[in-house]
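Trainee: Could you take me closely through the salt bridges in this one? I'd like to know what they connect and what sort of surroundings they have.

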Amino acid sequence: GPSIVAITSKVQVRDWFDNQYFQEGQGSGVIFDVNDENVLIVTNEHVVDGAAEVIVTLYDNKKVPASIVGVDSETDLAVIKINTEDIPDEISNEIVAAELGDSDNLRVGETAIAIGNPMGYNNTVTVGVISALNRELELPDKKLELVQTDAAINPGNSGGALVNIDGEVIGINTVKIADTQVEGIGFAIPINSAKPIINELVNKGSVSRPYLGILGKDIDENIAEMYELPIGVFVGEVVENSAADIAGLEKGDVIIEFEGEKIYSMEQLSELIKSKEIGDSVTIGVIRDGNQNKELKAVLQENNS
């Protein structure tokens with residue numbers, strides 16, 4: 001319980017008349033490290049996204065300011081910190097780091113306990129089971145592989161802990177399917193997937209990933225037939241000085257192969273790029289001007305965005 005905190009984020013927005021005001025959002029977080037200088041907390045990226053101010057409610061309803069260490073939108077994870085000197089003396093001994101478990105050992109049917117800040121009710125505990133493992137969930141801007149549970153996860157639970165019967169954190173609660181016809185379908189980021197992201201956010205403030213540097217559009221069979229184009233990815237834009245630019249990719253090219261594998265969609269191409277390392281040299285097959293086959297070599301760069 002004392003390792004789980006409530007998070008209030010204040011985002012600056014503008015109304016219809018262009019007046020500025022602050023809009024508050026609620027979420028949860030998990031303390032994972034306590035040292036002489038800082039208390040480090042993991043939460044969801046969407047809990048603190050765009051926040052001008054972050055307030056953490058600790059044990060015994062004590063509120064302290066926090067700052068953002070780093071965020072990663074692709075995995076919906078963020079790390080924030082509070083200064084140890086901001087913690088009231090009377091509760092300083094109550095602030096403890098949660099014990100992180102091993103989500104690779106989870107079994108369907110075992111007990112799952114969600115702890116968080118739903119609807120503003122601090123340290124609410126709900127109990128259920130692990131419903132499924134390795135669930136792929138398509139969100140508007142990302143795809144996540146998650147643990148499914150029927151433990152109640154409500155607004156404000158985001159960023160809180162999913163723990164096992166031994167009190168070890170096995171996941172970071174992230175999303176619930178909200179529908180009048182659906183009950184008891186919530187999801188958490190497996191803690192083993194979160195650990196390397198958390199470490200990189202602490203050390204660097206961002207997560208490094210390989211980057212090609214294009215904006216692409218899918219060319220499926222219908223579009224290919226309509227415009228007499230090959231099936232692949234149409235290069236709509238090449239980022240200046242990116243790996244793609246240095247390799248000689250041009251706007252209007254159609255990428256048809258990546259490392260010898262036939263390309264059918266931008267999603268597929270993105271997944272193949274993610275499977276590589278920064279600095280890897282890759283071979284890209286393109287068709288230019290509708291009839292020129294070219295084989296280009298690109299060295300993948302670092303992307304911190």
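Mentor: Here's a walk through those pairs, followed by a look at what is packed elsewhere. This is a predicted model, where local features need pLDDT of at least 70 and side-chain atom pairs count only at pLDDT 80 or more, while totals for chains, interfaces and linings use all residues. Numbering runs from 1 along each chain as its sequence is written, and side-chain values use heavy atoms, with hydrogens and water left out.

The count comes to 11 salt bridges, each being a side-chain nitrogen of Lys or Arg within 4 Å of a carboxyl oxygen of Asp or Glu. One of them pairs D60 with K62 at 3.4 Å, N to O. K62 is partly exposed there, at 22% relative accessibility (buried is under 20% relative accessible area, exposed over 50%, partly exposed in between, with a 1.4 Å probe and protein chains only).

E302 and K204 reach across the sequence. Their side chains meet at 3.3 Å, N to O, and the two residues are 98 apart, with E302 in strand β20 (residues 301-303) and K204 in helix α2. Those labels are DSSP runs numbered from the N terminus: helices are H or I with at least four residues, strands E with at least two. Both partners are partly exposed, E302 with a relative accessible area of 39% and K204 with 46%.

R288 and E250 also form a salt bridge, at 3.4 Å, N to O. R288 belongs to strand β18 (residues 281-288) and E250 to the loop between α4 (243-247) and β16 (254-258), so the bridge ties together parts 38 residues apart in sequence. Here the surroundings are split: R288 is buried, at 10% relative accessible area, whereas E250 is partly exposed, at 40%. Then there's a network, in which shared partners join D72, E74, R209, E271 and K274 through salt bridges.

On to the packing around helix α5 (residues 266-274), whose buried residues are M266, Q268, L269, L272 and I273. Looking down the α5 axis, these buried residues fall within an arc of 160 degrees, so they line one face of the helix (the arc is taken over directions from the axis to the C-beta atoms). Their cover includes β13 (209-211), β14 (214-219), β15 (232-238), β16 and β17. In strand β17 (residues 261-262) sits K262, partly exposed at 33% relative accessibility. K262 touches I231, I256, E257 and Q268, leaving aside residues up to four places away in sequence; contact means heavy atoms within 4.5 Å. K262 also lies 8.9 Å from G285, C-alpha to C-alpha, with their positions 23 residues apart in sequence.

Last, the nonpolar cores: sets of buried Ala, Val, Leu, Ile, Met, Phe, Trp, Tyr and Cys joined through side-chain atoms within 4.5 Å. The largest has 25 residues, and those with the most contacts inside it are V30, V42, L77, V169 and I172. Helix α2 (residues 191-204) supplies the largest share of this core, five residues. Apart from that core lies another of 22 residues, with I214, V233, V235 and L269 among them. As for V30, its contacts beyond four places in sequence include L40, I41, V42, A98, V169 and I172.
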